[in-house]
Amino acid sequence: MSRKLIIVMLVAGMLVSAGCGSIQAQAVPATPVPAAADVQEPQNVPATAQEIKPTQTGAEKTMREPSRENTAVVVFFSATGTTRGVAEKIAALTGAELAEIVPAQLYTAEDLDYNDGTTRATVEQNTPDARPEIANDIDLSGYTTVYLGYPIWWGQAPRILSSFVESHDFTGMTVIPFCTSASSGAGRTGEALGEQAGTGTFLSSTRLSAGISDADLQNWIDKQK
Ligand SMILES: Cc1cc2nc3c(=O)[nH]c(=O)nc-3n(C[C@H](O)[C@H](O)[C@H](O)COP(=O)(O)O)c2cc1C
């Protein structure tokens, strides 16, 4: 082998060796390492669901989440507080929740003046299809017994009770109507509300006096079962 040929082979070998090194470097890319500033700790993540505090309280909360043990609710409308008083007694004796039907437009003393045939309550009662708007949403899901209280206005349930029963589904529920009045009886008001509701089992209504004793009220409650 000539000296010239040996030099050419040596140079060629060096060039091939350098090229292979370059290919290997490209075939194994470097793994990116995040900068310290890019690594974020999770923040404000509660460890358990219990750490999220409910914002609702009292009847409002239990109306939406009735407990399994408590399947009864006392729903009432009361313009001057008499029916409310009886409703509260029923709730206390039965352990039922309480929910008030609140009119979107509250009744003033003038609205309730039944000596004047032109005032609001009397005009509504003389208008069978009057349906006063209700301000609050009463969720009946989960309840199987609904005590439904109202005053007697001109021998009937106030029209806002029609608004209530027509806008709720009472399927699978027993509705126990009761009322207060100056002296009139309940008449067929319970049956009439049941017909307007079209769902659920509505019992006959009972007039309960404002001053009813716990013993008499318990006796009435027991008879509804
Ligand atoms: C417009 C109006 C009509 C009424 N009509 C009757 C009636 O026909 N018979 C009766 O005994 N009492 C009647 N009352 C009296 C109420 O039924 C009674 O005061 C009731 O207990 C009021 O309940 P509350 O305080 O829950 O609203 C009427 C009251 C109003 C305001």
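Is Phe202 buried or exposed, judged by its C-beta neighbours inside 10 Å? That point opens the note; the rest of the predicted model follows.

1. **Phe202.** Phe202 counts as buried, because 23 C-beta neighbours lie inside 10 Å and the cut-off for buried is 20 or more. Phe202 sits in strand β5, residues 201–202. Setting aside neighbours within four places in sequence, Phe202 contacts Val175, Pro177, Gly190, Glu191, Leu193, Gly194 and Ala197. Helix α6 covers residues 189–197. Gly190 deserves a separate look. Its C-alpha is 6.6 Å from that of Phe202, with the two positions 12 residues apart in sequence.

2. **Overall make-up.** The protein has seven helices and six strands. Read from the N terminus, the order is α-α-β-α-β-α-β-α-β-α-β-β-α. The protein has 225 residues, and 24% of them count as buried. Take the contacts with a separation of 6 or more: 75% of them join residues 24 or more positions apart.

3. **Ligand shell.** There are 21 residues around the ligand. Ser78, Thr80, Thr82, Thr83 and Pro151 come nearest. Two elements, α3 (82–94) and α4 (120–125), give two or more residues to this shell. The most comes from α3, with three residues. By class, the shell has 11 polar residues, nine nonpolar and one charged.

4. **Helix α5, burial.** How many of the eight residues of α5 are buried? The count is seven, and the helix is mostly covered. The buried residues are Arg159, Ile160, Leu161, Ser162, Ser163, Phe164 and Val165. The cover over them includes α4, β3 (145–151) and α6.

5. **Helix α5 against α6.** Helix α5 (residues 159–166) packs on helix α6 (residues 189–197) at an angle of about 40°, and their axes are 8 Å apart. That angle makes α5 oblique to α6. The crossing of the two is right-handed. The contact is made of four nonpolar residues, two polar and one charged. On the α5 side are Leu161, Ser162, Val165 and Glu166; on the α6 side are Leu193, Gln196 and Ala197. An α-helix has 3.6 residues a turn, so residues three or four places apart point the same way. Leu193 and Ala197 of α6 also appear among the contacts of Phe202.

6. **Helix α3 against α7.** What is the angle between α3 and α7? Their axes cross at roughly 70° and come within 10 Å. The two helices are therefore roughly perpendicular to each other. From α3, the residues that meet the partner are Lys89, Ile90, Leu93 and Thr94. From α7 (residues 214–223), they are Asp214, Leu217, Gln218 and Ile221. The contact has four nonpolar, two polar and two charged residues. Helix α3 thus has two roles to check in the model: it meets α7, and it gives three residues to the shell around the ligand.

7. **Trp154, backbone.** Trp154 is in the loop between β3 and α5. Its phi is positive, about 50°, although the residue is not a glycine. Most residues other than glycine have a negative phi. Trp154 counts as exposed, because 12 C-beta neighbours lie inside 10 Å and the exposed class takes 12 or fewer.

8. **Loop between α4 and β3.** Two residues of this loop are picked out here: Asn136 and Ser141. Asn136 has 13 C-beta neighbours inside 10 Å and counts as partly exposed. Its C-alpha is 6.1 Å from that of Val102, and the two are 34 residues apart along the chain. Is Ser141 buried or exposed? Ser141 is exposed, with 10 other C-beta atoms within 10 Å. The C-alpha atoms of Ser141 and Thr71 are separated by 9.5 Å, across 70 residues of chain.

How values were computed. Residues numbered from 1 in each chain as written. Predicted model: local features only at pLDDT ≥ 70, side-chain atom pairs only at ≥ 80, totals over all residues. Near = placed C-beta within 6 Å. Helix = DSSP H or I, 4+ residues; strand = E, 2+ residues; numbered from the N terminus. Nonpolar A, V, L, I, M, F, W, Y, C, P; charged D, E, K, R; others polar. Contact = placed C-beta atoms within 7 Å. Axes fitted to C-alpha atoms, helices over the stretch in contact; angles between N-to-C directions. Parallel < 35°, antiparallel > 145°, perpendicular 65-115°, else oblique. Left-handed = near helix turned anticlockwise from the far one by under 90°.
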